[in-house]
Amino acid sequence: MVLMKSDRLVPAALITLTLVPVGAGAVRLAGLAGGAEITPDNARFFASPLPAVLHIVGATLFCIMGAFQFAPALRRGNPGWHRRGGWLLIASGLVATLSGLWMTQFYSRAWNDGDLLYGLRLTFGWAMAVSIVLGFVAIKRRDVVRHRAWIMRAYAIGMGAGTQAIIHLPWFLVAGVPGELARGLLMGAG
Ligand code: HEM
């Protein structure tokens, strides 16, 4: 199998985009496992840790494994690998988004989480779940064009976690922690 430049660049760029949320997830998992001090900011994660753990593990697998599915040589040169990785991606993506929807519905809200962010999470969380299922149904029908389109939509929604981090950074530096409206708009832009 001959690897082209794009076979390395595309996964590397996608993984770089997810470094902040994946790193934040690792810090949260370490805090939950190591019994970090409970504060008003993190109490909801300690009160019900399972969805957060599932969410972080599922999203991390989905983002990292998914990046390699975009390398043409790996996909075409090793279809068995693409298929096995695909099963893991479907499972991890569904775990990530369904646990995210669970937290949206049942976690107490952070002080700057408002109705706008709630609506965005419901919309994009369900859109990601539906896109994964439609991508799976398409490949079972051997419809590669639709499969690619739906899986790319699902992955793009997941990548929103990375673009949200980039979009928040200048706001943090200039104006500090965003309030309810600004946070909803920044998350929506991501
Ligand atoms: C697949 C890419 C995603 C990644 C990498 C990701 C990453 C994370 C991380 C690291 C946390 C923990 C934040 C913290 O510790 O403060 C988190 C929380 C959360 N995520 Fe995701 N997420 C992803 C997708 C989604 C989606 C699609 C939804 C939509 C339903 C979602 C909804 C949530 C919610 C509601 C929380 C809890 C927020 C809170 O109460 O502070 N996530 N996510």
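User: If Ala, Val, Leu, Ile, Met, Phe, Trp, Tyr, Cys and Pro count as nonpolar, Asp, Glu, Lys and Arg as charged, and the others, Gly among them, as polar, how many residues of each class are in the shell around the ligand?
Analyst: This is a predicted model, and in it the shell around the ligand has 16 nonpolar, 8 polar and 3 charged residues.

User: Which residues are the closest to the ligand?
Analyst: The ligand is surrounded by 27 residues, and the closest of these are G25, A59, G100, G125 and G158.

User: And which elements give two or more residues to that shell?
Analyst: The elements that do so are α1, which spans residues 5–34, α3, α5 (79–106), α6 (115–140) and α7.

User: Let's take G25, then. Where does G25 lie, and is it buried or exposed?
Analyst: G25 lies in helix α1, and it is buried because 21 other C-beta atoms fall within 10 Å, where the cut-off for a buried residue is 20 or more.

User: What does G25 touch, leaving out residues up to four places away in sequence?
Analyst: With those residues left out, G25 touches I56, A59 and T60. A59 is also one of the residues closest to the ligand, and A59 belongs to α3, where it takes part in the contact with α7.

User: Okay, α3 and α7. At what angle do they pack?
Analyst: Helix α3, residues 49–68, packs against helix α7, residues 144–175, at an angle of about 110°, and their axes are 10 Å apart. That angle makes α3 roughly perpendicular to α7, since values from 65 to 115 degrees are assigned to that class. The crossing of the two helices is left-handed.

User: Which residues meet there?
Analyst: From α3 the residues are A59, F62, C63 and G66, and from α7 they are Y155, G158 and A161. Divided by class, this contact of α3 with α7 has 5 nonpolar and 2 polar residues, with no charged ones.

User: Y155 caught my eye. Is Y155 buried or exposed?
Analyst: Y155, which lies in helix α7, is buried, as 22 other C-beta atoms come within 10 Å. Its C-alpha atom is separated by 12 Å from that of G125, although the two residues are 30 places apart along the chain.

User: How does α1 pack against α7?
Analyst: The angle between α1 and α7 is about 80° and their axes are 8 Å apart, which means that α1 is roughly perpendicular to α7. L17, T18, V20 and P21 of α1 make the contact together with M159, A161, G162 and A165 of α7. By class, the contact of α1 with α7 has 6 nonpolar, 2 polar and no charged residues. A161 is also among the α7 residues that meet α3.

User: Changing topic: what about α5 and α6, at what angle do they cross?
Analyst: The axes of α5 and α6 cross at roughly 155° and come within 9 Å, and so α5 is roughly antiparallel to α6. In this crossing α5 passes α6 in a left-handed sense.

User: Which residues of α5 and α6 meet?
Analyst: The α5 side contributes I90, G93, L94, T97, L98, G100, L101 and T104, while the α6 side contributes Y118, R121, L122, G125, W126, M128, A129, I132 and F136. These residues divide into 11 nonpolar, 5 polar and 1 charged. G100 and G125 are also listed with the residues closest to the ligand.

User: What is A129 in contact with, and how does it count for exposure?
Analyst: Leaving aside its neighbours within four places in sequence, A129 is in contact with L94, T97 and L98. A129 counts as partly exposed because it has 19 C-beta neighbours inside 10 Å.

User: And G135, buried or exposed?
Analyst: G135, which is also found in helix α6, counts as buried, with 25 C-beta neighbours inside 10 Å. Not counting residues up to four places away in sequence, G135 touches H147, W150, I151 and A154.

User: Last one: what phi does R142 have?
Analyst: R142 has a positive phi of about 65° although it is not a glycine, and for context, most residues other than glycine have a negative phi. R142 is found in the loop between α6 and α7, and it counts as exposed because only 7 C-beta neighbours lie inside 10 Å, the cut-off for an exposed residue being 12 or fewer.

Technical notes: Residues numbered from 1 in each chain as written. Predicted model: local features only at pLDDT ≥ 70, side-chain atom pairs only at ≥ 80, totals over all residues. Axes fitted to C-alpha atoms, helices over the stretch in contact; angles between N-to-C directions. Helix = DSSP H or I, 4+ residues; strand = E, 2+ residues; numbered from the N terminus. Parallel < 35°, antiparallel > 145°, perpendicular 65-115°, else oblique. Left-handed = near helix turned anticlockwise from the far one by under 90°. Contact = placed C-beta atoms within 7 Å. Nonpolar A, V, L, I, M, F, W, Y, C, P; charged D, E, K, R; others polar. Near = placed C-beta within 6 Å.
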